[in-house]
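Please take a moment to look over the sequence and the structure before reading on. The paragraphs that follow lead from a single residue to one of the chains and then to the place where two chains meet.

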Amino acid sequence: MNGFLAILQRDLRLALRQGADSVMVVAFFIVTTTLFPFGVGPEVNILARIASGVIWVSALLAAMLSLERVFQADYEDGTLELLTLSPVSLELLILGKVLAHWLTTGLPLIIAAPLMAVMLNMDQDGFVTLMVAMLLGTPALSLIGAIGAALILGARRGGVLVSLLVLPLYIPVLIFGAGAVEAALLGISATAQLQIMAAILLLALAAAPFATAHAVRQAME
Amino acid sequence: MADFSGSDLTCLRGERLVFGGLSFSAKSGDAVMLRGRNGAGKSSLLRLMAGLVAPRSGDLRWNGENIAEDRTAHHARTHYLGHQDAIKPVLTVRDNLRLWGQLRGVRDLEPAIDRALTALQIHHLARVTGRYLSSGQKRRTALARVLIGQSDLWLLDEPTVGLDRESCAELAQLITEFRGRGGIVVYSTHIDLDVENPTILDLDDFAIPMVEWLAEQDDLEDMAPAKRAASSQEAAQ
């Protein structure tokens with residue numbers, strides 16, 4: 001457990017000192033979302049109709065943007081090698097790194113999401129559901145994304161590769177995340193969608209650290 | 001009294017056979033110096049010893065137990081220093097070292113870091129961030145990591161790179177102290193490090209051409225059933 005906290009603390013400190021990553025992810029999210037009103041026109045009904053989908057797609061893309069860096073820097077400077085060789089289980093360390101990634105990218109997205117919803121004229125009935133859905137969805141994005149980030153270690157043009165690997169796996173989160181908000185906007189209960197999202201999160205929490213650790217060990221060969 | 005040995009190790013890197021049939025043995029207080037031309041597999045052997053890579057064949061044993069069986073225990077007793085210093089440019093020397101101490105569960109970590117920094121004469125750099133260190137200072141910081149926490153085995157891959165003459169002497173001194181405490185050191189170096197009577201392992205002796213090795217593998221497979229029959233006969237007798 002100490003190892004988990006140690007790596008979490010270090011990654012948060014690194015993120016704080018470097019800063020740019022979090023800001024970039026949120027800025028990307030806001031800019032992408034802002035492009036839609038320009039593209040589809042300022043018709044408020046249309047924007048309200050597509051708001052939940054637009055917010056989710058932008059969030060997926062923004063979360064993906066930062067994935068490449070999760071392990072890359074540690075891989076290049078030899079830190080990852082030493083983490084693999086530490087007496088703490090690699091799975092736990094990876095979980096710590098993923099939590100740090102979520103705190104620095106997922107959490108800011110959740111805070112920015114309602115602002116974007118206002119901009120897209122989404123009915124305020126959907127706000128709470130949107131935030132709850134993102135609270136369940138974004139950790140799953142970080143966990144699934146970590147597998148992709150570990151798989152591309154050592155590959156050239158990793159950033160493009162990671163999107164090809166990870167985006168298809170994000171589809172369930174997108175479907176149920178947008179579905180939950182849609183349901184709330186129609187005045188139906190979104191419990192079913194949120195439960196499925198919770199299930200996806202639990203599944204990712206159980207499986208992703210092992211898959212990621214395996215991929216990291218493979219990269220050390 | 002600890003005992004670290006490897007028998008009949010073969011290392012395959014990608015498509016290339018680095019070395020084969022390598023055996024060694026070291027006891028508490030021993031130092032093993034790896035020699036060999038570039039690409040002879042010094043780093044690969046150290047990575048095998050650290051448990052970072054699995055050997056293609058053969059096994060590594062600590063006190064008679066295969067290290068692959070309990071990797072956590074092996075990692076807890078081993079300090080590995082690779083080519084890279086693993087220093088984050090935005091963190092201070094102290095913060096950089098703290099992580100490794102925490103991962104090892106070192107108690108009284110701050111005094112331990114102080115001692116390590118003093119031993120390598122970089123205590124004045126404790127609050128300097130990684131980006132302002134020279135390459136020699138980075139190497140010393142990486143070496144300081146090796147001094148934090150209990151360990152029985154040091155695997156040092158070219159520890160002298162970037163170090164000046166005095167630092168090399170200090171390093172030799174640290175190695176001697178560690179051996180005095182019953183530690184085992186395996187290191188590779190291109191310059192003469194003043195270590196008392198190390199066992200020399202020349203990797204050039206274990207280089208075997210790929211073709212020969214493949215032929216041998218085929219032989220082994222052909223021979224395997226016959227061998228098994230022979231050994232079962234022996235067992236019956």
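**A walk through the model**

At a relative accessibility of 12%, A:D11 counts as buried, because buried means under 20% relative accessible area. The model in which this residue is seen is a predicted one, and A:D11 has its place there in helix α1 of chain A. When its neighbours within four places in sequence are left aside, A:D11 is in contact with A:K97 and A:A100.

From this residue the view can turn to chain B, whose secondary structure comes to seven helices and nine strands. Chain B has 237 residues, and 50% of them count as buried. Two cysteines can serve as examples of buried residues in this chain: B:C11 is buried, with a relative accessible area of 4%, and B:C168 is likewise buried, with a relative accessible area of 9%. A disulfide is a covalent bond between the sulfur atoms of two cysteines, and over all chains the structure holds zero disulfides.

How much of the contact pattern in chain B joins residues at least 24 apart in sequence? Among the contacts between residues at least 6 apart, the share that does so is 70%. The accessible surface of chain B, for its part, comes to about 11,600 Å², and carbon and sulfur atoms account for 47% of that area.

The next stop is the interface between chain A and chain B, where 27 residues of chain A are in contact with 26 residues of chain B. The size of an interface is often given as the accessible area lost when the parts come together. For chain A and chain B the buried area is about 2,400 Å², with 62% of it given by carbon and sulfur atoms. On the side of chain A, the residues A:L82, A:L85 and A:P87 supply 28% of the area that this chain buries against chain B, which is more than any other three residues supply.

Charged and polar groups also meet across this interface, and the count of salt bridges between chain A and chain B is four. In the salt bridge that B:R47 forms with A:E81, the closest N and O atoms are 2.6 Å apart. Eight residue pairs are found in polar contact across the interface of the two chains, with both residues of a pair at pLDDT 80 or more.

Which helices of chain A each supply at least two residues of the side that touches chain B? They are α1 (2-18), α4 (69-76) and α5 (79-84), and α1(A) gives the most to that side, with nine residues.

Conventions:
Residues are numbered from 1 along each chain as its sequence is written. Chains are lettered from A and ligands numbered from 1 in the order in which they are written. This is a predicted model: local features need pLDDT of at least 70, side-chain atom pairs count only at pLDDT 80 or more; totals for chains, interfaces and linings use all residues. Side-chain values use heavy atoms; hydrogens and water are left out. Helices (H or I, at least four residues) and strands (E, at least two) are DSSP runs, numbered from the N terminus. Buried means under 20% relative accessible area, exposed over 50%, partly exposed in between (1.4 Å probe, protein chains only). Contact means heavy atoms within 4.5 Å. Accessible areas come from the Shrake-Rupley method with a 1.4 Å probe; for residues, only the protein chains shown count as cover. A disulfide is a pair of cysteine sulfur atoms within 2.5 Å. Buried area is the accessible area (1.4 Å probe) that two parts lose on being put together, summed over both. A salt bridge is a side-chain nitrogen of Lys or Arg within 4 Å of a carboxyl oxygen of Asp or Glu. A polar contact is a pair of N or O atoms within 3.5 Å; within protein, one must be able to donate a hydrogen and the other to accept it, and residues adjacent in sequence count only if both atoms are side-chain atoms.
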